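Have a look at the fold below, and keep an eye on two themes: open space and nonpolar packing.

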Amino acid sequence: MTKDVVTAHESTGFKELVTLMTEHKISGIPVVDHTGRAVGVVSEADTLAKEEYDGGNTRKPLFNRQRRSHWSKAAGLHAFELMTSPAITILDSSSITAAARSMAEHKVRRLCVVNLAGKLVGVVSRRDIIATYLREDTQILADIEEHVFRKGMWLFPETLTADVERGVVTLEGEVRNRTTAQVAAQLTQKVPGVIDVKNKIRFEIDDTVTAPL
């Protein structure tokens, strides 16, 4: 997550927005209100509408809602007229997995990260998510032992082991129920940097099978 975020206000002008994106080499700027809450995002695509539709002087598209929305931004002079709103946000306590899922669902390249009060505290991008796969195996293993075995599976932390090689995790050990082994694998997959999980945990009881009446 980028914490030192370049932001704009709703009244920020077109030229200043373009200047900010160019100087900071970014493709989008969160727009915040006077309280620091994210209200939208101005992207490069939003500013390009002015060139694409000749400043709004071309004929308005009739049948495509998305193109009509894009056309309306061509005449925009300030952030509130250009931005895509509302801003797609995610809590700062959310996982990388949740961020990736939200980006995919909303088809966006970045999310505004907010605290419980709704104020902008950072931005997470696709590049930030991809970068988690560059984590060292030792870092991933430490997270698995702490957050999966000790905290997530605290009833039996000594019965499970993990081996990490180039982001691929192999889980071994023995537990009572099959569902417990499945939960261990699911929690492990959510650890930042994990590429795949090979679940070799043995179990005594297959509690996923319904007993006949």
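This report goes through one pocket and then the nonpolar cores.

Please keep in mind that the model is predicted.

**The second largest pocket**

The second largest pocket holds about 480 Å³ of space. Its lining is made up of 17 residues, and those nearest the centre are Thr2, Ile26, Ser27, Val123 and Ser125. Strand S2 (28-32), strand S6 (120-125) and helix H6 (126-131) are the elements that each give two or more residues to this lining. Helix H6 gives the most, with three residues. What is the chemical character of the lining residues of the second largest pocket? They split into classes as follows.

| Class of lining residue | Number in the second largest pocket |
|---|---|
| Nonpolar | five residues |
| Polar | five residues |
| Charged | seven residues |

**The nonpolar cores**

Now to the packing. The largest nonpolar core has 18 residues, and the members that touch the most others are Ile140, Ile144, Phe149, Leu160, Val169, Leu171 and Ile201. Helix H7 (137-152), strand S7 (160-165), strand S8 (168-177) and helix H8 (178-189) each give two or more residues to this core, and helix H7 gives the most, with four residues.

Ile144 is a good place to zoom in. Leaving aside residues up to four places away in sequence, Ile144 touches Phe149, Ala162, Val164, Val169, Thr188 and Val191. Two of these partners, Phe149 and Val169, are also listed with Ile144 among the core members that touch the most others.

There is also a second, separate core, which has 13 residues, including Ala8, Leu17, Leu20 and Ile29.

Conventions:
Residues numbered from 1 in each chain as written. Predicted model: local features only at pLDDT ≥ 70, side-chain atom pairs only at ≥ 80, totals over all residues. Heavy atoms only, no water. 1 Å grid on protein atoms, 1.4 Å probe; cavity = no way out; pocket = protein on both sides within 12 Å on 5 of 7 lines; lining within 4 Å. Points joined across faces, edges and corners; volume = space filled by probe spheres on them. Nonpolar A, V, L, I, M, F, W, Y, C, P; charged D, E, K, R; others polar. Core = buried A, V, L, I, M, F, W, Y, C linked by side-chain atoms within 4.5 Å. Buried < 20%, exposed > 50% of the residue type's maximum accessible area, 1.4 Å probe, protein only. Contact = heavy atoms within 4.5 Å.
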